[in-house]
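These are my notebook entries from a session spent looking things up in one structure. I kept to one topic at a time.

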Amino acid sequence: MNNFAFVNPVKILFGKNMISEITKEIPSHYKVLVIYGGGSIKKNGVYDQVKNALKDYQWFEFSGIEPNPHYETCMQAVEVIKQKNIDYILAVGGGSVIDATKFIVAAACFEEGDPWRILADKPNVVINKALPFGTILTLSATASEMNAGAVITKKETLEKLSFSSSLVYPKFSVLDPSVTFTLPPVQISNGVIDSFVHVIEQYLTYPVNGLLQDFMAESILKVLIIDGPKALKDPLNYDIRANLMWASTWALNGWIACGVPQDWSTHLIGHELTAFYGIDHAQTLAIVLPGVMKLQKEEKKEKILRLGREVFSLQSDSTEELINDSITAVESFFHSMNIKTRLSDYNLGDDAIQKIYDRMEKREWKLGEHKNITANEVKKILELRK
Ligand code: NZQ
Ligand code: ZN
């Protein structure tokens with residue numbers, strides 16, 4: 001096992017009716033800004049629960065955070081914070097609202113020029129200060145509710161970039177599985193697949209004898225495989241939603257990353273498909289991952305075999321066959337969640353591949369646990385996914 005340092009300071013408030021508990025977490029004299037998205041919280045009663053909980057606070061609201069949140073929108077929220085002298089932010093929504101809030105709380109305190117530098121000028125820019133914030137999660141997918149990362153898109157240049165800082169961990173996150181009952185089926189699927197691929201990015205590399213991390217990763221994958229399709233068939237089942245919510249938080253709250261190598265190439269290639277073509281985050285992952293597994297069969301051999309045996313219960317005397325069956329099992333799981341996995345399913349082909357190749361070449365990124373996925377390999381991965 002590799003060396004590691006680990007802390008996760010986020011307080012989780014899990015279960016039914018836990019939204020009312022936020023008053024115990026937010027000091028009563030604070031001026032609060034509630035940030036949310038396109039209005040789903042007004043249709044499912046979450047907004048009313050928040051309003052009720054905050055009745056004795058001085059609070060304001062900022063709505064309109066879009067999926068794959070825009071830097072431009074976030075900067076409007078920064079203006080509101082400055083105008084109203086806000087002390088504390090409450091993010092109410094999915095990963096987009098929480099990610100936007102992480103950027104907003106850092107940007108509001110940023111004094112080194114354009115806050116876009118937080119994303120585009122890493123590692124030269126260090127965040128020294130951020131406003132405190134809590135979250136009420138309405139879509140389980142990203143684990144943004146219990147991690148310190150965020151992904152923001154600049155509409156003007158179609159760039160989708162990430163940052164992380166220990167200063168943007170939420171102070172608390174409310175996880176009430178029943179608020180996810182109103183998710184449309186496609187968002188249930190997106191959430192399950194995003195969580196699945198988060199685990200894969202931290203598990204499907206090479207063995208370092210991190211037995212606990214492997215077992216934990218496999219357990220999370222099994223929960224997603226067992227309960228993901230059930231959530232589509234039985235959307236009002238609380239226990240299924242609770243399992244998925246907790247599994248997706250665990251998929252990227254830092255625990256399974258301790259002491260093991262990490263990949264993240266599927267995510268970084270996928271971000272380009274979202275940035276250029278607006279494809280949902282999880283759907284880009286479902287397109288890219290089977291290509292990464294195929295191209296890196298040799299490098300990832302031991303872990304692909306383990307995934308096949310331990311998670312999908314596959315058996316074969318032939319190593320080659322077991323590797324191929326494992327890749328097929330992953331793609332079939334995505335299909336079982338009604339998510340398409342080919343570029344052509346989204347009407348994309350050679351032009352898209354070339355565009356992403358050009359950007360990767362310009363950035364000179366070296367992706368994957370071995371840092372051996374350059375623009376050429378990205379092209380090969382996408383060619384495999386036409
Ligand atoms: O905007 P509203 O009206 O709230 O509607 C949202 C949105 O349209 C809707 N929704 C959310 N909760 C709902 C609901 N509809 C009905 N009932 C509910 N309870 O769902 C739509 C999608 O929401 P969004 O927040 O965009 O989805 P998700 O949670 O999948 O977040 C995706 C974003 O997170 C980033 C992605 O890149 C993407 O920008 N990620 C963040 C990560 C992190 N911070 O660690 C890691 C991930 O890999 C990912 O990159
Ligand atoms: Zn993701």
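Before the first entry I fix a term: I call a residue buried when its relative accessible area is under 20%, and exposed when that area is over 50%. I also keep in mind throughout that this is a predicted model.

**Entry 1, a residue in a strand.** I looked up F62, which lies in strand β3, residues 58-62. Its relative accessible area is 9%, so F62 counts as buried. Leaving aside residues up to four places away in sequence, I found that F62 touches L33, V34, I35, Y36, T73, Q76, A77 and V80. For one of these partners, A77, I noted that its C-alpha atom is 6.6 Å from that of F62, although the two residues are 15 residues apart along the chain.

**Entry 2, the cysteines.** How many disulfides does the structure hold? I found zero. I then asked why C74 has no such bond, and the reason is distance: the closest cysteine sulfur, in C109, is 14 Å from the sulfur of C74, which is too far. C109, for its part, is in no disulfide either, the nearest cysteine sulfur being that of C74. As to exposure, C74 has a relative accessible area of 0% and is buried, while C109, at 18%, also counts as buried.

**Entry 3, the domains.** The chain is divided into domain 1, covering 11-179, and domain 2, covering 183-383. Taken over C-alpha atoms, the centres of the two domains are separated by 26 Å. To the contact between them, domain 1 gives 25 residues and domain 2 gives 24 residues.

**Entry 4, the metal.** Which residues coordinate the zinc ion (ligand 2)? I listed D194 through OD, and H198, H267 and H281 each through NE2, at 2.0 to 2.2 Å. Written along the sequence, the spacing of these donor residues is D-x3-H-x68-H-x13-H. Among them, H267 in helix α9 and H281 in helix α10 form a pair that links distant parts of the chain, 14 residues apart. I checked their exposure too, and both H267 and H281 are buried.

**Entry 5, helix α13.** I began with its length: at 1.5 Å a residue, the 14 residues of α13 should span 20 Å, and the end C-alpha atoms are indeed 20 Å apart, so the two values agree. The buried residues of α13 are A352, I353, I356, Y357, R359 and M360. Around the axis they cover an arc of only 165°, which means that they sit on the same side of α13. On the face turned away from that buried side I found the exposed residues D351 and K362. The cover over the buried residues of α13 includes β7 (159-164), α9 and α14. Just after the helix comes E364, which has a positive phi, near 55°.

**Entry 6, helix α14.** Next I took α14, residues 375-383, where the buried residues are A375, E377, V378, I381 and L382. Seen down the axis of α14, these fall within an arc of 160°, so they line one face of the helix. I wrote down a general reason beside this: an α-helix has 3.6 residues a turn, so residues three or four places apart point the same way. What do the buried residues of α14 pack against? I found α9 (265-277), α10 (281-295) and α13 (350-363).

Notes:
Residues numbered from 1 in each chain as written. Chains lettered and ligands numbered in written order. Predicted model: local features only at pLDDT ≥ 70, side-chain atom pairs only at ≥ 80, totals over all residues. Heavy atoms only, no water. Buried < 20%, exposed > 50% of the residue type's maximum accessible area, 1.4 Å probe, protein only. Helix = DSSP H or I, 4+ residues; strand = E, 2+ residues; numbered from the N terminus. Arc of directions from axis to C-beta. Contact = heavy atoms within 4.5 Å. Donors = N, O, S within 2.8 Å, 3.2 Å for Na, K, Ca; no water. Disulfide = S-S within 2.5 Å. Expected span 1.5 Å × (residues − 1). Domains from an automatic or database assignment.
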